[in-house]
Amino acid sequence: MRTRFFVFILSISLLLPSLALGQTVSISTAERKMAEEITADQLSNYLHFVASDAMGGRDTPSAGLDVTAEFLKMNLKRWGFKPAGDDGTFFQKITLRRDAIDPAATSVKVGSQTFAYGEDLARGAGNGSISAPIVYVGNGWMIKSKNLNPYQNIDVKGKIVAVYGEGPLGSRTLVPLPAGISQSDLTGERGKDWADVTSYARANGAAGVLVLPSKFLTENWSAITQSFGRSRLVVDKLAPPAGNVQGAAAMNILFASTKLANAIFNGEAGNPLTGAANSFELGTGKLLDFTIASKPEWQSTQNVVAVWEGSDPTLKSEMVAIGAHYDHDGTNPNAPGEDKIWNGADDDGSGTVAVLAIAEALGKAKTRPKRSILFVWHAGEEKGLWGSEYFNKFPTVDIKNVIAQLNIDMIGRSKKPGDTNPLNKDLTGENAIYVIGSEMMSTTLGAITKGTNDAFLKLTYDYKYDDPKDTNRFFFRSDHYHYAVNGIPISFWFDGVHEDYHKPSDTPDKIDYQKMEKVTRTIFLTLWELTDLKERPKIDKQLPPELTQR
Ligand SMILES: [Zn+2]
């Protein structure tokens, strides 16, 4: 509800378009009262539950995340919210999949000898059946500037490239760099001026790569079979088809035991395990026959989705969306130190319970907003914005009717006066918060976001990261991103990174609940102002091109 004074200003600004830029917001006593239902105490109570050790860090998927979802649902139901997930429920189910090796259907043959998966063979990547000749290429490193080329006079096309090198598997290469060579020697274009075995094999049409057993591989055999035996978890509907998680380009990569390697090199010109250094093609007619079979393993998680219906017969079909992510990083039993649980109190327990408190304030309010309000608590944000991508690609509501999205991700921490910890250098103070994205697509959304704060608590809104060229790329790092690229203008509130960011020490006792109260009340009123607008905020600016791709 606006005051008369505001109506007066608005009518003048309609006459004088130049004034429209200075859109003013005024907050009525009734609106202020609704916002004041949100209290530090309430936020603290909810957050001590959601970020408790009992939730185990709310990994996606996990029992702790499911319990948090049930907690949100139970409250929404109590306060009279309409379920807006799948089939009249509060949940939008997200099916997750990983491909796991099917050991019984996976094997390798050399001549008439068969070797079993796990024992003598491990899969690095790929699937399917192949029968191909073998070439040995030493450590597989081609580095033109150092005159290294193990592929001279060797054609790898359609063949399996066997490679051997001592040292640990790198994060990006199967075989460590040769002695005396460093990363800085890898100049020019990968695949042309230099290549490791995988990039060379891929660029030249090899059938696969066989990694021969180094000391490292032998010592870590069981860990390697286990970690490569299962692909990472993916959202089924957002990933390539089952059996091909790494994508169409996935080339077969196999690890061989000493027994398998000796069988392959038996009767050959040399055996790299006993000292052959140069490349050579293995005897004609000798084929490596293998079948890598995998089967999908299924899990599931969910977004929590609800609607608070508006009161205006026409406008109620439109919605203002508000959201947060209710997942975090889970538990790591191998973490150093005592604390193994990533509680995620600020990230994003704070947003989760702020959105819940906003829902409760609406539930208690005497009046309904004109437009409806869409609440989405997203899962899997920490895994790569899963929940928000899923919701935007498979919405459970008519997404065209969403006029704006407000995202809350980390609003609970504040930098105390005198804090000189460099890790807290960019943390906002007790009365400040970063606002990102509000002015990137819609002048009106920007004006309402800023105007609500100016008319209410006058927090310091820091727009430092509201810049397409922000090197932290915060715009890409939370759920609003998928709404923005879907054409929905967004505003994002964020307190800044700090000493406990993504650490087990992000716990509820460290939250500044007074600050959280102020920020949450302000966002509540921003939401209310948007539901009340005569016309939906126009998109009058293109999202900068550098923001449309993650
Ligand atoms: Zn996070």
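Here a trainee and a mentor talk through a predicted model of one chain.

Trainee: Let's start wide: how many helices and strands does the chain have?
Mentor: The C-alpha atoms fill a box of roughly 95 × 50 × 45 Å along the principal axes. Of the 550 residues, 54% count as buried. As for secondary structure, the chain has 14 helices and 22 strands.

Trainee: Among contacts with a separation of 6 or more, what share comes from residues 24 or more positions apart?
Mentor: Here we count contacts in the chain by how far apart the residues lie in sequence. Residues 24 or more positions apart account for 83%.

Trainee: Which residues coordinate the zinc ion?
Mentor: The donor atoms sit at 1.9 to 2.7 Å from the zinc ion. D347 appears with two OD entries and E382 with two OE entries, while the histidine gives NE2. In sequence the spacing reads D-x34-E-x119-H. The residues are D347, E382 and H502.

Trainee: How many residues apart are E382 and H502?
Mentor: E382 belongs to helix α10 (residues 381–384). H502 lies in the loop between β22 (490–494) and α14 (513–532). The pair links distant parts of the chain, and the separation is 120 residues.

Trainee: Is H502 buried, partly exposed or exposed?
Mentor: Its relative accessibility is 27%. Buried means under 20% and exposed means over 50%, so at 27% H502 counts as partly exposed.

Trainee: Now the open sheet of six strands: which are its edge strands?
Mentor: The strand order is β5-β13-β11-β9-β7-β14, with mixed pairing. An edge strand here pairs on one side only. That picks out β5 (121–125) and β14 (280–281).

Trainee: Which strands pair with β11 in the parallel sense?
Mentor: Four bridges join β11 (residues 208–211) to β13 (residues 252–256), with L210 opposite L254 and V211 partnered by F255. Strand β9 (residues 160–163) also pairs with β11 over four bridges, and there A162 stands opposite L210. The parallel partners are β13 and β9.

Trainee: Which residues of β11 are buried on each face?
Mentor: Both faces of β11 are covered. One side carries G208 and L210, and the other carries V209 and V211. The buried residues are therefore G208 and L210 on one face, V209 and V211 on the other.

Trainee: Which strands does helix α7 lie across?
Mentor: Helix α7 spans residues 221–229 and runs at about 45 degrees to β5. The strands are β5 and β13.

Trainee: Just after β11, is S214 buried or exposed?
Mentor: S214 is in the loop between β11 and α6 (215–219). Leaving aside neighbours within four places in sequence, S214 is in contact with Y164, G165, E166 and G167. Because its relative accessibility is 5%, S214 counts as buried.

Trainee: Last one: how are α3 and α9 oriented to each other?
Mentor: The axes of α3 (residues 40–50) and α9 (residues 345–364) come within 9 Å and cross at roughly 130 degrees. The contact is made by Q42, L43, Y46, L47 and V50 of α3 with residues of α9 including G349, V353 and E360. The crossing is right-handed. Roughly antiparallel would need an angle over 145 degrees and roughly perpendicular one of 65 to 115, so α3 and α9 are oblique.

Definitions and conventions
Residues are numbered from 1 along each chain as its sequence is written. This is a predicted model: local features need pLDDT of at least 70, side-chain atom pairs count only at pLDDT 80 or more; totals for chains, interfaces and linings use all residues. Side-chain values use heavy atoms; hydrogens and water are left out. Donors are N, O and S atoms within 2.8 Å of the metal (3.2 Å for Na, K and Ca); water is not among the atoms, so sites may look incomplete. Helices (H or I, at least four residues) and strands (E, at least two) are DSSP runs, numbered from the N terminus. Buried means under 20% relative accessible area, exposed over 50%, partly exposed in between (1.4 Å probe, protein chains only). Two strands pair if DSSP finds at least two bridges between them. Contact means heavy atoms within 4.5 Å. Axes are lines fitted to C-alpha atoms, for helices over the stretch in contact, and angles run from 0 to 180 degrees between N-to-C directions. Angles under 35 degrees count as roughly parallel, over 145 as roughly antiparallel, 65 to 115 as roughly perpendicular and the rest as oblique. A crossing is left-handed if the near helix is turned anticlockwise from the far one by less than a right angle, and right-handed if clockwise.
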